[in-house]
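Subject: Structure handover

Dear colleague,

Please find the structure below, handed over for your own work. My notes on what was found in it follow.

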Amino acid sequence: MPASITSITEHRDVLKTKETPLLSIVIPFFNEDEVLTDCHLRITAVLDTLSEPCEIIYVDDGSNDRSWDQVINFTAQKHVVRCIKLSRNFGKEAAMTAGLVNTTGRAVVLLDADLQDPPELIPQMIHKWENGYDVVNMQRKQRHGENWLKRSTAHLFYKLINRLADIDMPRNVGDFRLLDRKVIDVINALPERNRFMKGLLSWPGFNTCTLQFDRDARQAGTTKWNYTKLIHLAFEGITSFSIRPLRIATAAGVVTSVVSLMMAIFLVSKTLFWGDPVAGYPSLMTVMLLLGGIQLLSIGLMGEYVGRLFIESKQRPNFIVMNESCTEPSVRFESH
Ligand code: UDP
Ligand code: MG
């Protein structure tokens, strides 16, 4: 390990005596060796224009390419560069959690490594923060590099979750946002295992403002999300923030029971008074299939919630850190 590189735990102890960084940038990544160098250059160029030192935290979510070898060699003249390697691919939500618990800055910005979220917007975000906002959400005006299916499913998802969930989840706001230390402390104190970050980041509330930006296409490499992962994330989001689907199942149960009761009264009276020469096979099948469908759906839905309780009850950690390093700035920061 080079002389300037210390462990993060050591670094945190040192920081207690040093001044707190202005900003912590958290960058979770998984197999991004094609873009990381550019990403680092663009971030440091922006941070160098700020008036105080910052820290950049790279979280390697179990990459198996050259990403880790690249990040541990990254340096920034005026800023601290910290790298955390998770023991395997835990998913972006866990990687962000790992990054957030390690931040020490007075505010935090979450950024994707693929440069879809332009780091050049950070000064504008800081400006809003300095004007008293605790959360600066970045809303995508244009979603370049995304096909029609991804855009429309994303639209549907935000519509659905805002209908169902008890918190307001701003549309087209991803994980790219600035959060004040007090918001980060709340989020870090949340003990849950099902970490749907877009929901968790919005959950604490506080003074929030939204800036709009055009989201660029990925600079290189391919998206790490397939539709199975996205459907899983959508389920996670809905079930961790709302029990309304269970209520809908109950309501469907009540409605079908009432209709069935009325139908039963009608059929029995009809048979008693006028007799019933032919058994109604089609109507019988329709009712049976309908009820069977609603029952299976409700059981499946309950299973989703029970499954999440099961995961929560095991109390396993959200991530495991395998390796960490920290590179101190090579020159002292001089404010302009
Ligand atoms: N990512 C991660 N772990 C994963 C999947 C993705 O840390 O399991 C990172 C990825 O490297 C990138 C960010 O999360 O920095 C966003 O991922 P991606 O660009 O693939 O998602 P998209 O922008 O297509 O939604
Ligand atoms: Mg991306």
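**Findings**

In this predicted model, residues 24 or more positions apart account for 87% of the contacts in the chain with a separation of 6 or more. Buried residues make up 32% of the 336 residues. The secondary structure comprises 11 helices and nine strands.

**Confidence**

The average pLDDT of the chain is 83, and 91% of the residues score at least 70. Over residues 1–6 the pLDDT stays under 50, and the model has eight contacts beyond four places in sequence for them. The scores for the model are ipTM 0.94 and pTM 0.76.

**Overall shape and domains**

The radius of gyration is 26 Å, where a compact globule of 336 residues would have one near 20 Å. Taken along the principal axes, the C-alpha atoms fill a box of roughly 95 × 40 × 35 Å. The chain is divided into two parts: domain 1 covers 18–143 + 170–224 + 318–327, and domain 2 covers 243–314. Their centres, taken over C-alpha atoms, are separated by 47 Å.

**Strand β4 and its partners**

Strand β4 spans residues 80–86, and seven of its seven residues are buried. Val80, Arg82, Ile84 and Leu86 point one way from the strand, while Val81, Cys83 and Lys85 point the other way. The charged residues Arg82 and Lys85 are thus on opposite sides of β4, and both are buried.

Which strands does β4 pair with? Strand β3 (residues 55–60) pairs with β4 in the parallel sense over six bridges; there, Ile57 has Arg82 as its bridge partner. Strand β9 (residues 321–327) pairs with β4 in the antiparallel sense, also over six bridges. In that pairing, Cys83 is matched with Ser325 of β9.

**Helix α4**

Helix α4 (residues 92–101) is also mostly covered, with nine of its 10 residues buried. Among the buried ones are Lys92, Glu93, Met96 and Leu100.

**The annotated transmembrane spans**

An unreviewed UniProt entry lists residues 248–269 and 281–306 under "transmembrane region". In the model, residues 248–269 are 100% helix and 0% strand, with the end C-alpha atoms 32 Å apart.

Val258 is in helix α10 (residues 244–274). Is Val258 buried or exposed? Val258 has 10 other C-beta atoms within 10 Å, and the cut-off for exposed is 12 or fewer, so Val258 counts as exposed. The C-alpha atom of Val258 is 56 Å from that of Ile25, a residue 233 positions away along the chain.

**Two residues with positive phi**

Leu115, in the loop between β5 (107–110) and α5 (122–130), has a phi near 65 degrees, a positive value in a residue other than glycine. Leu115 has 20 C-beta neighbours inside 10 Å; a residue is buried at 20 or more, so Leu115 counts as buried.

Asn172, in the loop between α6 (148–164) and β7 (173–180), is not a glycine either, and its phi is positive at about 60 degrees. How many C-beta neighbours does Asn172 have inside 10 Å? The number is 18, which falls between the two cut-offs of 12 and 20, so Asn172 counts as partly exposed.

Regards

Conventions:
Residues numbered from 1 in each chain as written. Chains lettered and ligands numbered in written order. Predicted model: local features only at pLDDT ≥ 70, side-chain atom pairs only at ≥ 80, totals over all residues. Helix = DSSP H or I, 4+ residues; strand = E, 2+ residues; numbered from the N terminus. Pairing = 2+ DSSP bridges. Domains from an automatic or database assignment. Rg over C-alpha atoms; globule rule 2.2 N^0.38 Å. Contact = placed C-beta atoms within 7 Å. pLDDT = per-residue confidence, 0-100. UniProt positions renumbered as here; feature names shortened; annotations may be inferred.
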